[in-house]
Each structure stands twice: as structure tokens, then as C-alpha cells.
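This report describes the strand arrangement, the nonpolar cores and the charged pairs of the structure shown below.

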Amino acid sequence: MLLAFATPAFSADKPLTEDTGRQILKELREIRQVLEKQQRPSPPQQPAAPAKPEIVTLKDGGPHVLGRSDAPLTLIEYTDYQCPYCKRFYESTFADLKKNYFDTGKVKFISRNLPLAFHPHAQKAAQAALCAGEQGKYWEMRDALFRNQNKLDVEAVIGYANGLSLKADAFKGCLDSGKFAKEIGDEAAYAGTLGITGTPTFVLGTAKGDAIVGRKIVGAQPYAAFEMQINELLKDAAKQ
């Protein structure tokens, strides 16, 4: 920072008068005060209060569920098979959540579809998972779609169905007919009424009648973030 002060009229060929000396001392004091103020440490900032989680209420249930129906908590996912962040959740977090919470009866997991309009293969991929579900291979197809996210055209998806030993004619007929297109569209529209417009988005909460009341969790959060919130809510549920 540049400091600008008036310079008194003084040169080597003029004697230093008392007034000039006082003026120089005054300016030196002012410079010192400015420098001291700049070097003085700023008062510590108060930490911002953590944002309260957004609470939403949404319908319970779905055709494809992992975990026990009477689990104390429910985690509902809105996903898009062409979304790279959804794949990140699948690769880095899903397996540990399944092992530690879904398979142990602590959390019920429900996957719902939210194919985004700018992902050209997402809608058909969502249909493929549901068509595979008719033959009991929903979760297996889901795995195949995320593992091969860079190839989700119809021909590739039919290849994944063959790899899962699905009945080819039944699967292709389901896919070609768009049998589940309306159901997927309705799921996406319902998500919009909840303010859920991006993927992946989750709601973690407890059952209240035929609804789930819970916290919205946005994005491919690391396992530790889910673990912290699940354990916190499990403690709350145990007190009730």
C-alpha cells in the first residue's frame, strides 16, 4: 500500500527550521500510526452457524427396495444413469452403505428415477432397469448401467440384458414399447414438486404413516457424510 503525505519545503541549501522539524516529526508519527494499524491482527471471525438441513416429506415405497421393510430409517435416492456424479456415488459410497446399513436392517434404500433432459440416454436407461426388474434383475441391470456409463445406447443396453441372461424378446419388447416411460416421467415430475431437480439427490428420514419425513442430501457426498447423518438419526430413533 502506498502512503502519501505532504513533503515540507526543505532542501540541503536551506537551514532546518524549528517549524519544519515539527512538521517532519508530525508526519513521521502519522506514518507510524498507519503502519501499526495495518500490522495489528484482525479480530477473529465468528464461525458461521451450520446450515439447518432442509426437511421434506415425500411418499414412501417403490417397486425396488433394499433392506428390511421395518428398518428405522429410509434413504430415498433420485438418480440418473448418465449422471457422472450418480456414478461416483455408486462407485465410492453405495457398496459401503449397503454392507453397513441396508444389509443389516438399519436403513431401507429406495431408488427412484430422475433422468435429466440434457442426458440423451438417461430416459431409456431408466426404462431398461425397470424392464430388467420384471425379470428379477433390476439391481443387476442398475450395476451394469453404471459400470458402463459411457455406453448407454439401446444396442449396448440390450447387450447388458443378454449378459444377465434375461429373456431377450421380453426385455426388448418392454424397452421398445416404452412401457415404463410414463412411470418414470411421473417420478421426475413428483421430484420437481419437492424441489429436487438435480442428481443424485437423497432424502434420509423416518416413516410417518405412508410418508417419509427426512433431510435432503444433495450430491455425491462421501460415505462419511452419510454415516454421520445416519448414525445421528438412528440415535434419535432409538430414543423414541
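The sheet is open and contains 6 strands in the order 1-6-5-3-4-2, with mixed pairing. Strand 1 (55-59) and strand 2 (65-66) stand at its edges; each has a single partner strand, so one side of each is left without a neighbour in the sheet. Strands, like helices, are DSSP runs numbered from the N terminus (strands E, at least two residues; helices H or I, at least four), and two strands pair if DSSP finds at least two bridges between them.

This is a predicted model, in which local features need pLDDT of at least 70 and side-chain atom pairs count only at pLDDT 80 or more, while totals for chains, interfaces and linings use all residues. Residues are numbered from 1 along each chain as its sequence is written, and side-chain values use heavy atoms, with hydrogens and water left out.

**Strand 6 and its partners**

Strand 6 (residues 211-218) pairs with strand 1 in the antiparallel sense over 5 bridges. In this pairing, V56 stands opposite G214 of strand 6. Strand 5 (residues 201-208) also runs antiparallel to strand 6, and 8 bridges join the two; L204 has R215 in strand 6 as its bridge partner. Strands 5 and 6 form a hairpin with 2 residues between them, and G209 in the turn has a positive phi of about 70 degrees. Strand 6 is mostly covered, since 6 of its 8 residues are buried. Here buried means under 20% relative accessible area, exposed means over 50%, and partly exposed lies in between (1.4 Å probe, protein chains only).

**Salt bridges**

A salt bridge is a side-chain nitrogen of Lys or Arg within 4 Å of a carboxyl oxygen of Asp or Glu. The count by this rule is 10, and three of these pairs are tabulated.

| Pair | Closest N to O distance |
|---|---|
| E54 and K216 | 3.2 Å |
| E91 and K87 | 3.8 Å |
| E232 and R215 | 2.7 Å |

The pair E54 and K216 links distant parts of the chain, 162 residues apart: E54 is in the loop between helix 1 and strand 1, and K216 is in strand 6. E54 is partly exposed at a relative accessible area of 44%, whereas K216 is buried at 14%.

Strand 6 also contributes R215, whose partner E232 lies in helix 8 (residues 223-239), 17 residues apart in the chain. R215 is buried, with a relative accessible area of 12%, and E232 counts as partly exposed at 36%.

By contrast, E91 and K87 both lie in helix 2 (residues 84-102), 4 residues apart, about one turn of the helix. E91 counts as exposed at 54% relative accessibility.

**Nonpolar cores and surface patch**

A nonpolar core is a set of buried Ala, Val, Leu, Ile, Met, Phe, Trp, Tyr and Cys residues joined through side-chain atoms within 4.5 Å. The largest has 47 residues, among which M141 and F171 touch the most other members. Beyond its neighbours within four places in sequence, M141 has contacts (heavy atoms within 4.5 Å) that include A128, V157, Y160, L164 and F171. A second, separate core of 12 residues includes V56, L58, L116 and I212.

At the surface, I24, L25 and L28 make a nonpolar patch of about 250 Å². Patches consist of residues with over 30% relative accessible area and no salt bridge, like charges being joined within 9 Å and nonpolar side chains (Val, Leu, Ile, Met, Phe, Trp, Tyr) within 5 Å; accessible areas come from the Shrake-Rupley method with a 1.4 Å probe, and for residues only the protein chains shown count as cover. I24 lies in helix 1 (residues 18-39) and counts as partly exposed at 30% relative accessibility.
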